[in-house]
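Work through the exercises below with the sequence and the model open. Each task is followed by a solution in steps.

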Amino acid sequence: MEKPHPPASVHDTGPGFTLIEIVLALGVFVVAFISIMALLPAGLNNLTVAGNTALRSQVVRSVTTELRQTPFSKLDASAIKSRTFHFTNEGLPAEAGVPEAVVTANIEKFEFEVPLNEGALTRLARATLIIRQHGRELARSIVYLPDTGT
């Protein structure tokens, strides 16, 4: 005669995970997830700072290039100070009034300086450039324009 199988016990060690193992795995997952989520604000802040730095560089480069195309002898401080340069969020030049032109640059201060020593540079102009995005001041930069003799 065959012996009947005993009923399954509470301590059966068959395939699968125990409740304690599942709770521990979830705990590890939650700790890792919270740690990663805590890094997101810092990463987004670094992304914003990097984007603003790139935008500022592009705007300063564009304004400086345009100012350097004007012969030094024809630079007029009042005309330069009244001019507004318009750019897109990517730092590309844009026409005034178009919706993409959300970045502006103005020359706040423009003055001619005398170099400290007698050398190749006979004259130097200094411009303080204010860059605004959606009306909020983003950066200030000082741009030097040397007299290249052209």
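**Exercise 1. Strand pairing**

Which residue in β3 is the bridge partner of Ala 105?

Solution. The model is a predicted one.
- Step 1: Start with the two strands concerned. β2 covers residues 103-113, and β3 covers residues 124-133.
- Step 2: Check how they pair. β2 and β3 are antiparallel and are joined over 10 bridges.
- Step 3: Read off the partner. Ala 105 is bridged to Ile 131 in β3.
- Step 4: Turn to the pairing of β2 with β1 (84-87). Four bridges connect β1 and β2, again in the antiparallel sense. Here His 86 has Thr 104 of β2 as its bridge partner.

**Exercise 2. Order of elements**

State how many helices and strands the protein has, and give their order along the sequence.

Solution.
- Step 1: Count the elements: two helices and four strands.
- Step 2: Follow the chain from its start; the pattern reads α-α-β-β-β-β.

**Exercise 3. The helix α1**

Describe the span of α1, its bend and its buried residues.

Solution.
- Step 1: Take the ends. α1 runs over residues 19-68, which is 50 residues.
- Step 2: Compare spans. The distance from the first C-alpha to the last is 73 Å, close to the 74 Å expected at 1.5 Å a residue.
- Step 3: Locate the bend. The helix α1 bends by about 25 degrees at Leu 40, with Pro 41 following within four residues.
- Step 4: List the residues with under 20% relative accessible area. In α1 the buried ones are Leu 55, Val 59, Val 60, Ser 62, Val 63, Thr 64 and Leu 67.
- Step 5: Consider spacing. An α-helix has 3.6 residues a turn, so residues three or four places apart point the same way.
- Step 6: Find what they pack against. The partners of these buried residues are α2 (77-81), β1, β2, β3 and β4.

**Exercise 4. His 134**

Where does His 134 lie, and is it buried or exposed?

Solution.
- Step 1: Place the residue. His 134 sits in the loop between β3 and β4 (136-146).
- Step 2: Look at the backbone. Its phi is positive, about 55 degrees, although His 134 is not a glycine.
- Step 3: Set this against the general rule. Most residues other than glycine have a negative phi.
- Step 4: Apply the cut-off for exposed, over 50%. His 134 counts as exposed because its relative accessibility is 61%.

**Exercise 5. The whole chain**

What share of the 150 residues counts as buried, and what is the accessible surface?

Solution.
- Step 1: The buried share is 25% of the 150 residues.
- Step 2: The accessible surface is about 11,200 Å², and carbon and sulfur atoms hold 62% of that surface.

Conventions
Residues are numbered from 1 along each chain as its sequence is written. This is a predicted model: local features need pLDDT of at least 70, side-chain atom pairs count only at pLDDT 80 or more; totals for chains, interfaces and linings use all residues. Side-chain values use heavy atoms; hydrogens and water are left out. Buried means under 20% relative accessible area, exposed over 50%, partly exposed in between (1.4 Å probe, protein chains only). Accessible areas come from the Shrake-Rupley method with a 1.4 Å probe; for residues, only the protein chains shown count as cover. The expected span of a helix is 1.5 Å times one less than its number of residues. The bend at a residue is the angle between axes fitted to the seven residues ending there and the seven starting there. Contact means heavy atoms within 4.5 Å. Two strands pair if DSSP finds at least two bridges between them.
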